[in-house]
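Visitor: I'd like to go through this one with you, a topic at a time. Could you keep the cut-offs explicit as we go?

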Amino acid sequence: MTALLERLLGRLPIGWLQLVHNRGRLAAAIAGVAFANILVLMQLGFLGALVESIRLPYAAMNADLLVSAADMNTLADGSPLPRSRMVEALSVPGIAAATPLHYGKLDWRQPDGTIRTLDVFGVDPAAPTFRTPGIEAGRALLQNADVALIDRGTRNVPAAFFDGIARGEPYRFEAKGRTLTVAGVFSIRGGFSADGYLIVSDQTFLRLFPQRAAGAPNHIVLRLDPAADRSAVTAALRETLPAYDSIVRTVDDAVAKDQAFQTTQRPVGIVFGFGIVIGILVGVIIVYQVLSTDVADHLREYATFKAIGYRQLCFLGIVFEEAFILALLGFVPGVLIALGLYAAVAAVTGLPIAMTPARPVLVLSGTILMCGVSGAIATRRLARADPAELF
Amino acid sequence: MDRSTAAIDVRGLNHWFGTGEARKQALFDIDLSIERGRLTVLLGASGSGKTTLLTLMGCLREVQDGSVRLLGQELAGAREELLVACRRRLGFIFQAHNLHDSLTAMQNVRMGLGVHGSAAADWREPCEHLLRLVGLGERLDYLPGNLSGGQKQRVAVARALVGNPEVVFADEPTAALDRDSGLQVVRMLKALGEARGTTTLMVTHDPRILDLADRIVTLEDGRLVGEGR
Ligand SMILES: Nc1ncnc2c1ncn2[C@@H]1O[C@H](COP(=O)(O)OP(=O)(O)OP(=O)(O)O)[C@@H](O)[C@H]1O
Ligand SMILES: [Mg+2]
């Protein structure tokens, strides 16, 4: 290692030798950098999982365009739309189909008394509102009253439970005074706001949520003629539908708006963002502590080098060499541990938390920058190395 | 003596420490010429200004008043770059060895050479040669922590001499050593200096070392008072 660094630097790797000479301090520094890395990676992971789990239900929709309430921030909020908007939308040339999508929340009481919250979508069983294979396959079953399909990714439910349903053993449970029969499974997964997704027919939905005005959907899922010009149709829709209650968007736009809202306006998103800042602060403080103690401990030696004729630049080089080495040595275990934690979190919570290739690159660059900043602050002490005070 | 051939030539040098009320003069009107290739010892009571004079001549302190010519170069009013360039022609040995505790004896000595910009390949030979000269041929890869006080000071001597300095400044280099190893270090310094024609300027209180000096200069309360030898 020393020989390798010597080749790279073209000089004696004093920073490296200094770091390995004090093993305890080195271990503390690596642990500190790794800890900061883990903290940041976990927060980025949760933020990524939040963003991804917002996207998943939209991605499952069989939609080219989405009409939602003007006051809608997420899939789950916003006023219901007048049903007439569906007919008006269909009247626009280029629109091939329009189907309603109802949204509600349902408590699913488990045999042991615990409660799972489900996001419920009410759909027209005659139309393909979702493209997810399980939903398409089970759509015909929804024609029957009080029949539901459930997400395999529903949190804290063993896989065997879903396997039973998939084999044709329906599961029944009571909700809102009705007995629902879960007859099929699909897979959307994820979800910060609830434990899983449940899909029922619009008729069943209205029986579960009787207070909802009949035929007032939360969203209208639109499909275009294959030949239609998307932007022209979008413009025409915006002309046709009143802007005070309806908003027309592509699915991608709707996802982006929803993600932006939940990551910046909702406490979860803000907490994760705050966690990243804390992680960086922890890293800067630990690295600064280690580097500045190291500089202070070697002030006499640096002063000696100054007397010999070395320049300030050379000492900056030593400190930055240390900072860079700490960044790399802390990053490796940090990423490995974070990967393990990602797997554990995904297994326990069912959140779509995964390492993207860009994330380690980002974190490594950030770590090097962070260590560099700490090093730069630490080098201010170097000015005190006065060779005249040595004699 | 001819000013231009002397290794060091000091004229009318005054030096003060502190400002305002606390301002205190440490050196008074010093005139001194140091010949090349000789071992000069600076004597004087504690606080008489020996270290101050040494650091002024060694480019470690700015000249406030008067003139210091080092190896033909005027230091009064010289820019920092020039001082750094001058220092590279000097060797320093401090009372404390000031070795880098994470570097081996070889690596510490190499630091004395690295500043001369010598290529990576040819540092080993002179460093090893000097460590052998100071009797540490068997300890090349020892860390300072595993060397005795005398051995450490000998590494420091090797570090000061490896770059073939024209002038060596040593401030009580034997203070931290027992008498025998102290004497040994100074003998070595003198022998190496004679072999290479190095000018050596040393502050010491050790009477046995005085016997080795070519010349003794005495300071008293910041003034030159006497010459021996
Ligand atoms: N950095 C400083 N700031 C203020 N006064 C100083 C400083 N360095 C030295 N002095 C003062 O200058 C005078 C000469 O000090 P100097 O260190 O040169 O003496 P010295 O002969 O080397 O003494 P010693 O034998 O104790 O090393 C002393 O009175 C000392 O207090
Ligand atoms: Mg002194």
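Visitor: Which residue forms a salt bridge with R110(B)?
Guide: E6(A) forms that salt bridge, and the closest N and O atoms are 2.9 Å apart; the term stands for a side-chain nitrogen of Lys or Arg within 4 Å of a carboxyl oxygen of Asp or Glu. Before going on, note that this is a predicted model, in which local features need pLDDT of at least 70 and side-chain atom pairs count only at pLDDT 80 or more, while totals for chains, interfaces and linings use all residues. Residues are numbered from 1 along each chain as its sequence is written, chains are lettered from A and ligands numbered from 1 in the order in which they are written, and side-chain values use heavy atoms, with hydrogens and water left out.

Visitor: How many salt bridges cross the interface of chain A and chain B, and how much area do they bury?
Guide: The rule finds one salt bridge across that interface, and the two chains bury about 2600 Å² between them, 62% of it on carbon and sulfur atoms. Buried area here is the accessible area (1.4 Å probe) that two parts lose on being put together, summed over both. In terms of contacts (heavy atoms within 4.5 Å), 24 residues of chain A meet 28 residues of chain B.

Visitor: Switching to chain A alone, what are its domains?
Guide: Chain A is divided into domain 1 (2–54 + 267–389) and domain 2 (80–244), with bounds that come from an automatic or database domain assignment. The C-alpha centres of the two domains of chain A lie 48 Å apart.

Visitor: And what is buried between those two?
Guide: About 570 Å² is buried between domain 1 and domain 2 of chain A, and carbon and sulfur atoms give 63% of that. On the domain 1 side, S53(A), T349(A) and L351(A) lose the most area to domain 2 of chain A, together 54% of what that side buries. The count of salt bridges between these domains is zero.

Visitor: What order do the strands take in the open sheet of chain A?
Guide: The nine strands run in the order β5-β6-β4-β7-β3-β2-β8-β1-β9 (chain A), with mixed pairing; strands are DSSP runs of E of at least two residues and helices are runs of H or I of at least four, numbered from the N terminus, and two strands pair if DSSP finds at least two bridges between them. β5 and β9 (246–250) of chain A are the edge strands, each pairing on one side only.

Visitor: Which side chains of β5(A) are buried?
Guide: Along β5(A), residues 171–175, Y171(A), F173(A) and A175(A) point to one face and are buried, whereas R172(A) and E174(A) point to the other and are not; buried means under 20% relative accessible area, exposed over 50%, and partly exposed in between (1.4 Å probe, protein chains only). Five bridges join β5(A) to the antiparallel strand β6(A), residues 178–186, and R172(A) stands opposite T181(A) there.

Visitor: Where does N156(A) lie, and is it buried or exposed?
Guide: N156(A) lies in the loop between β4 and α6 of chain A, has a positive phi near 65° and is exposed, with a relative accessible area of 52%.

Visitor: How about L71(B), buried or exposed?
Guide: L71(B) is buried, with a relative accessible area of 10%, although its phi is also positive, near 50°.
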